[in-house]
Amino acid sequence: MKKVSTAAVALTLSVAAVAGGIGFTAGASQAEATKKPKPVVQDAFDPLGPPMHQLRHAGRTVHYSDTGEKGGTPVLFLGGTGTTARVSGMTEFLRTTRQKLGLRLVSVERNGFGDTEFDPDLGFADHTSDVRAVLDKLGIRKAPVVAISGGGPYAAHFAAAEPERVSSLHLAAALPPYGDKPSYCGKSDEELKAYFREQIRDPRKWWAFPEDSPVRRIPGFTDTAEEDGARSYYLRGQLGDPSAQVHEQKLYCRRPGPDLSHLKAPAYVYTGTKDTTVPPATQARWKEALPHKPVTRSYDDSGHDVQYRHWDQILLDLAGYADRTAVCTGQGTKKRTRVLREDEAERALERGATQGSCAWR
């Protein structure tokens with residue numbers, strides 16, 4: 001028998017110990033080795049958020065985002081006050097649904113926010129002109145329009161000026177430029193600057209959703225919202241200058257709002273009954289201003305976050321499935337999201353289903 005040296009034994013044991021330490025088993029079979037997943041590297045990048053673009057129009061640079069497949073149904077997205085054109089990314093927690101419905105979101109940045117220079121002489125008509133220029137550049141003749149919160153007045157002015165380019169109008173917790181003026185309209189610019197300066201100094205305060213808001217269940221939602229606040233007020237070195245915010249707030253004071261009598265497109269109003277920012281009674285003004293009775297979707301589980309909590313239903317409406325309702329049926333491992341006809345959805349809700357995606361549960 002061949003004699004094995006003590007040194008050789010020690011070396012063998014040392015190699016085995018090292019192999020074990022980095023996750024291999026000495027003498028592991030080929031079958032065990034192939035249990036590891038096959039290494040795959042993707043061929044295309046995953047999006048990090050809405051990509052920004054720009055064009056020159058009317059002597060100024062217009063910044064806009066364009067999210068989704070070029071062949072998809074374009075949707076004009078009008079975010080709330082003090083937001084940038086990237087704020088549409090706050091709805092991407094349902095990106096898979098948006099993609100499966102073939103929707104593409106286009107958003108045009110407003111005066112003074114984010115990367116867009118502030119000009120105190122610009123108003124609603126100028127934003128409408130910017131939107132028109134972007135749609136023309138992208139070859140979009142007609143599109144659904146969705147407005148959130150402070151995007152409501154901009155949607156009204158665009159729809160009044162370009163009614164033939166609106167295929168449907170979706171107003172989610174949207175401020176109507178009709179009825180009584182907001183209470184702050186009597187304040188001076190300096191008073192409003194002092195008020196908003198403190199609010200926007202810390203974007204976390206600007207986007208402070210209540211602790212019980214359902215949006216807090218969305219991974220990374222509040223972080224994304226705060227980042228857009230920082231982009232709105234600091235991107236160009238504004239250092240929290242409230243001038244653009246005050247200017248927009250003053251635009252909201254203009255009454256009466258535009259004449260919508262030529263709008264033929266169907267309209268949808270989404271209201272959270274707990275909304276104290278744009279209360280249901282205020283949102284009801286849309287019904288008086290629109291030439292045809294809108295479809296009203298009212299939700300007891302929402303406040304001024306209804307646009308996110310029920311974004312799944314808004315997506316269905318935008319895609320032309322207004323006769324369908326998203327509900328979550330079943331319990332535990334058996335729960336699943338179903339898109340049902342309205343009568344079927346009502347029966348499911350009576351049996352214990354909940355509105356929207358099962359992700360909310």
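This is a short talk on the sheets, helices and nonpolar cores of one protein model.

Good morning. Please keep in mind throughout that the model is a predicted one.

I shall begin with the eight-stranded sheet. The sheet is open, its pairing is mixed, and its strands follow the order β1-β2-β4-β3-β5-β6-β7-β8. Which strands stand at the edges? They are β1, residues 52-57, and β8, residues 295-299. Each has a single partner strand, so one side of each is left without a neighbour in the sheet. From one strand to the next, the twist averages 20°.

As an example of pairing within this sheet, consider strand β2, residues 60-67, and strand β4, residues 103-108. These two pair in the antiparallel sense, over four bridges. One residue to locate on your screens is S65, whose bridge partner in β4 is S107. Helix α13, residues 311-318, packs on this sheet and touches β3, β4, β5, β6, β7 and β8. The direction of α13 makes about 155° with that of β5.

I turn next to the second sheet, which is open and has three strands in the order β10-β9-β11, with antiparallel pairing. Here β10, residues 336-341, and β11, residues 354-355, are the edge strands; each has a single partner, so one side of each lacks a neighbour in the sheet. Strand β9, residues 324-329, pairs with β10 over six bridges, and in β10 the bridge partner of A326 is V339. Helix α13 packs on this sheet too, touching β9 and β10, and its direction makes about 150° with that of β9. Another helix, α14, residues 342-350, lies across β9, β10 and β11 and runs at about 135° to β10.

Let us now consider the nonpolar cores. The largest has 74 residues, and the members that touch the most others are L169, L171, W286 and W311. What does L169 touch, leaving aside residues up to four places away in sequence? Its contacts are V145, A155, L263, P266, A267, Y268 and L290. There is also a second, separate core of five residues, among them V327, A345, A348 and A353.

My last topic is a pair of helices. The axes of α6, residues 189-201, and α9, residues 243-251, come within 9 Å and cross at roughly 120°. The two helices are therefore oblique to each other, and α6 passes α9 in a right-handed crossing. On the α6 side, the contact is made by D189, L192, K193 and F196; on the α9 side, by S243, Q245, V246, Q249 and K250.

Thank you for your attention.

Terms used
Residues are numbered from 1 along each chain as its sequence is written. This is a predicted model: local features need pLDDT of at least 70, side-chain atom pairs count only at pLDDT 80 or more; totals for chains, interfaces and linings use all residues. Side-chain values use heavy atoms; hydrogens and water are left out. Two strands pair if DSSP finds at least two bridges between them. Axes are lines fitted to C-alpha atoms, for helices over the stretch in contact, and angles run from 0 to 180 degrees between N-to-C directions. Contact means heavy atoms within 4.5 Å. A nonpolar core is a set of buried Ala, Val, Leu, Ile, Met, Phe, Trp, Tyr and Cys residues joined through side-chain atoms within 4.5 Å. Buried means under 20% relative accessible area, exposed over 50%, partly exposed in between (1.4 Å probe, protein chains only). Angles under 35 degrees count as roughly parallel, over 145 as roughly antiparallel, 65 to 115 as roughly perpendicular and the rest as oblique. A crossing is left-handed if the near helix is turned anticlockwise from the far one by less than a right angle, and right-handed if clockwise.
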